[in-house]
Amino acid sequence: MDNVAVVVDDLAAATAFFIELGLELEGEAQVEGAVPDQMTGLDGVRSAIAMMRTPDGHSRLELTKFLAPAAVGGGADAPAPNTLGLHRVMFAVDDLDDTVARLRGHGAELLGEIVQYEDAYRLCDLRGPSGIIVALAQRLG
């Protein structure tokens, strides 16, 4: 897999959120013209993107803000965790409590509680920018 793309309404806020989570900004660009039009099946595509890289260098997250045509809502502003489609993106973290506290400073809200799965993980789901559900996992032991 090359990357996962997420459409956001505030590119700067989403970029800051994922930098706080530990991802690195690989680059930013504006994309427009025949190639994105043909790829997406939309006319007049113009978008700003921020490509984020995980610290281990193995994964990338593309944050996309559509400038034209405007992004459309997928229904509810904050879809429930059981909504059809892409469910969430999970990140491994070293300190779950610290990470949640830092992300709250960027508007993140826990969906439920921080839980422990057996003696293996501490886990949580939270809602980030543009309603994105992000899961965090801290390996124990």
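This report walks through a predicted model, from its overall layout to its salt bridges, its last helix and one buried loop residue.

**Overall layout**

The protein has three helices and nine strands. Going along the sequence, these elements come in the order β-α-β-α-β-β-β-α-β-β-β-β. The C-alpha trace spans about 50 × 30 × 30 Å along its principal axes. How does the radius of gyration sit against that of a compact globule? A globule of 141 residues would come in near 14 Å, and the 16 Å of this protein agrees with that.

Of the 141 residues, 33% are buried. Among contacts with a separation of 6 or more, 54% join residues that are 24 or more positions apart. On the outside, the protein exposes about 8500 Å², and 51% of that area is supplied by carbon and sulfur atoms.

**Salt bridges**

How many salt bridges does the structure hold? There are seven. Here are some of them, with the N to O distance for each pair:

| Pair | N to O distance |
|---|---|
| Asp2 and Arg60 | 2.7 Å |
| Arg53 and Glu24 | 3.1 Å |
| Arg102 and Asp98 | 2.9 Å |

Let's take the Asp2 and Arg60 pair, whose side chains meet at 2.7 Å. This bridge links distant parts of the chain, with Asp2 in the segment before strand E1 (4-7) and Arg60 in strand E4, 58 residues apart. Arg60 is partly exposed, since its relative accessibility is 27%.

Next comes the bridge between Arg53 and Glu24, at 3.1 Å. Arg53 sits in strand E3 and Glu24 in strand E2 (residues 24-32), so this pair ties together parts that lie 29 residues apart in sequence. Both ends count as partly exposed: Arg53 has a relative accessible area of 26%, and Glu24 has 34%.

These two bridges belong to a bigger picture. Asp2, Glu24, Glu26, Arg53 and Arg60 are linked in a network of salt bridges.

The bridge between Arg102 and Asp98 is a local affair: both residues lie in helix H3 (residues 96-104), four residues apart, or about one turn of the helix. That spacing makes sense, because an α-helix has 3.6 residues a turn, so residues three or four places apart point the same way. Arg102 is partly exposed at 29% relative accessible area, and Asp98 is partly exposed as well, at 37%.

**Helix H3**

Which residues of H3 are buried? They are Leu96, Thr99, Val100 and Leu103. Because these four cover an arc of only 100° around the axis, they end up on the same side of H3. Their cover includes helix H1 (11-21), along with strand E6 (109-110), strand E8 (121-127) and strand E9 (133-139).

The N-terminal end of H3 has a cap. Asp95 provides it, with a side-chain oxygen 3.3 Å from the backbone nitrogen of Asp97.

**A buried loop residue**

Where is Thr54 found? Look in the loop between strand E3 (46-53) and strand E4 (60-68). Is Thr54 buried or exposed? Its relative accessibility is 12%, and the cut-off for buried is under 20%, so Thr54 counts as buried. Setting aside neighbours within four places in sequence, Thr54 is in contact with Leu23, Ser59 and Phe91.

Definitions and conventions: Residues are numbered from 1 along each chain as its sequence is written. This is a predicted model: local features need pLDDT of at least 70, side-chain atom pairs count only at pLDDT 80 or more; totals for chains, interfaces and linings use all residues. Side-chain values use heavy atoms; hydrogens and water are left out. Helices (H or I, at least four residues) and strands (E, at least two) are DSSP runs, numbered from the N terminus. Buried means under 20% relative accessible area, exposed over 50%, partly exposed in between (1.4 Å probe, protein chains only). Contact means heavy atoms within 4.5 Å. A salt bridge is a side-chain nitrogen of Lys or Arg within 4 Å of a carboxyl oxygen of Asp or Glu. The arc is that of the directions from the helix axis to the C-beta atoms. A polar contact is a pair of N or O atoms within 3.5 Å; within protein, one must be able to donate a hydrogen and the other to accept it, and residues adjacent in sequence count only if both atoms are side-chain atoms. The radius of gyration is taken over C-alpha atoms; the globule rule is 2.2 Å times the number of residues to the power 0.38. Accessible areas come from the Shrake-Rupley method with a 1.4 Å probe; for residues, only the protein chains shown count as cover.
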